[in-house]
Amino acid sequence: EGLNAASKQFGDAFTYLHAEIYTDRTITKIAPAVGALKMTYDPALFLTDKHGLVIDRLDGVFDSEEIVERLTAIVL
């Protein structure tokens, strides 16, 4: 929900990508993106530059206010 709220504020200034943790309904098959990053928890939000380089990251519990704060820092 926090990212959806932030996307309404920033529109197409950013590309938003969501990755599910599991690829199946039995929650037994880890999604390739999650496996490649060796994630052991969620949620996590990676903020990248236009080249895909990770420049910031939020882990655990965060809200739309924190997301907007970090995205604003990137835009400035």
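Modeller: Helices here are DSSP runs of H or I with at least four residues, and strands are runs of E with at least two; both are numbered from the N terminus. The model we are looking at is predicted.

Colleague: In what order do the elements of the chain run from the N terminus on?

Modeller: The chain holds three helices and two strands. Helix 1 covers 2-10 and helix 2 covers 32-36. Strand 1 covers 44-48, while strand 2 takes in residues 54-59 and helix 3 residues 64-75. Read from the N terminus on, the order is α-α-β-β-α.

Colleague: What does the C-alpha trace of the chain span along its principal axes?

Modeller: The trace belongs to a chain of 76 residues. Its span is given along the principal axes, and the values are about 40 × 25 × 20 Å.

Colleague: What share of the residues in the chain is buried?

Modeller: A residue counts as buried when its relative accessible area is under 20%. The chain as a whole exposes about 6100 Å², and carbon and sulfur atoms supply 55% of that area. Of the 76 residues, the buried share is 18%.

Colleague: Among contacts with a separation of 6 or more, what share comes from residues 24 or more positions apart?

Modeller: A contact here means heavy atoms within 4.5 Å. Taking the contacts in the chain with a separation of 6 or more, the share from residues 24 or more positions apart is 25%.

Colleague: Where does Ile27 lie?

Modeller: Helix 1 ends at residue 10 and helix 2 starts at residue 32. Ile27 therefore belongs to neither run, by the way helices are assigned. Its place is the loop between helix 1 and helix 2.

Colleague: Is Ile27 buried or exposed?

Modeller: The cut-off for exposed is over 50% relative accessible area. Ile27 has 54%, so this residue counts as exposed.

Colleague: Which residues form the nonpolar patch on the surface?

Modeller: Joining such a patch takes a relative accessible area of over 30%, and Ile27 has 54%. The patch has about 290 Å² of accessible area in total. Its members are Tyr22, Ile27 and Ile30.

Colleague: Which residue in the loop between helix 2 and strand 1 has a positive phi although it is not a glycine?

Modeller: Ile27 has a positive phi of about 45° without being a glycine, but Ile27 is in the loop between helix 1 and helix 2. In the loop between helix 2 and strand 1, the phi is about 55°. The residue there is exposed, because its relative accessibility is 69%. It is Lys38.

Colleague: Which residue does the cis peptide bond from Asp42 lead to?

Modeller: The bond has omega near 0°. The residue it leads to lies in the loop between helix 2 and strand 1. That residue is Pro43.

Colleague: How far apart are the C-alpha atoms of Lys8 and Leu47?

Modeller: Lys8 is in helix 1 and is exposed, with a relative accessible area of 72%. Along the chain, Lys8 and Leu47 are 39 residues apart. Their C-alpha atoms are separated by 17 Å.

Colleague: How far apart are the centres of the positive and negative side chains?

Modeller: Lys and Arg count as positive, Asp and Glu as negative. The chain has 7 positive and 12 negative side chains. The centres of the two sets lie apart by 9 Å.

Colleague: Which residue forms a salt bridge with Asp56?

Modeller: Side chains of opposite charge can pair when their charged atoms come close. The closest N and O atoms of this pair are 3.0 Å apart, within the 4 Å that a salt bridge requires. Asp56 is in strand 2 and its partner in helix 3, 14 residues apart, so by these assignments the pair links distant parts of the chain. The partner, partly exposed at 24% relative accessibility, is Arg70.

Colleague: Which residue meets Arg57 in a salt bridge?

Modeller: The count of salt bridges comes to two. In this one the N to O distance is 2.8 Å. Arg57 is partly exposed at 33%, and its partner is partly exposed at 38%. The partner is Asp59.

Colleague: Which residue of the negative surface patch is found in helix 3 with 33% relative accessibility?

Modeller: The patch is formed by Asp63, Glu65, Glu66 and Glu69. A relative accessible area of over 30% is needed to join a patch, and 33% meets that cut-off while still counting as partly exposed. The residue is Glu66.

Notes: Residues numbered from 1 in each chain as written. Predicted model: local features only at pLDDT ≥ 70, side-chain atom pairs only at ≥ 80, totals over all residues. Heavy atoms only, no water. Patch = residues over 30% accessible without salt bridge, like charges linked within 9 Å, V, L, I, M, F, W, Y side chains within 5 Å. Areas by Shrake-Rupley, 256 points an atom, 1.4 Å probe, with all protein chains shown as cover. Salt bridge = Lys/Arg side-chain N within 4 Å of Asp/Glu carboxyl O. Buried < 20%, exposed > 50% of the residue type's maximum accessible area, 1.4 Å probe, protein only. Charge placed at Lys NZ, Arg CZ, Asp CG, Glu CD.
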